[in-house]
Amino acid sequence: MHKISWKEIVILQGIVIIYTMSTVCAKLASGEDMFSWPFIGFCVLEVFLLGVYAICWQQMIKRIDLSIAYLNRSMAVCWSMLWAFLIFHEEITWKNLVGIAVILTGIVIINTEKAKEGGDNA
């Protein structure tokens, strides 16, 4: 496979954001009465977002190493925490921030190593 570009990382994160937004829809649906119109609407939106995510994800893993794709998918934890804070006003603790730092460090290290490997082969 080829070296992953910043453009591909941004696209991959966009796909991960779509995935995490489906979980936001699920949480919003959980606050509604079962089978009410808002509940059904959030569930339909969730399924739609998951479908878009699945198609985009399949297209992305055709272009980049699966190991890199899954590593960058771990950012879903970060995005979910951000949505929980911004949309649902949940608290972010210092333990959450340490976890995010570990995830980001791993992503940077692996992406940097893969870039070096790709650069040696080019």
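Biologist: What supplies the area of about 7900 Å² that the chain exposes?

Modeller: Carbon and sulfur atoms supply 70% of it; the area comes from the Shrake-Rupley method with a 1.4 Å probe, and for residues only the protein chains shown count as cover. This is a predicted model, where local features need pLDDT of at least 70, side-chain atom pairs count only at pLDDT 80 or more, and totals for chains, interfaces and linings use all residues. Residues are numbered from 1 along each chain as its sequence is written, and side-chain values use heavy atoms, without hydrogens and water.

Biologist: Why is the pattern of the chain written as it is?

Modeller: Helices are DSSP runs of H or I with at least four residues, and strands are runs of E with at least two, numbered from the N terminus. The chain has five helices and zero strands, so by that definition the pattern reads α-α-α-α-α.

Biologist: What makes Ile4, Leu12 and Trp57 part of a nonpolar core?

Modeller: Such a core is a set of buried Ala, Val, Leu, Ile, Met, Phe, Trp, Tyr and Cys residues joined through side-chain atoms within 4.5 Å. Buried means under 20% relative accessible area, with a 1.4 Å probe and protein chains only. Those three belong to the largest core, of ten residues, which also includes Ile9, Ile15 and Tyr53. Helices α1 (6-30), α2 (37-63) and α3 (66-73) each supply at least two of its residues. Another core, of six residues, lies apart from it and includes Cys78 and Ile100.

Biologist: Which residues does Trp57 contact, neighbours within four places in sequence aside?

Modeller: Contact means heavy atoms within 4.5 Å, and Leu12, Ile15, Ala69, Tyr70 and Arg73 are in contact with Trp57.

Key:
Buried means under 20% relative accessible area, exposed over 50%, partly exposed in between (1.4 Å probe, protein chains only).
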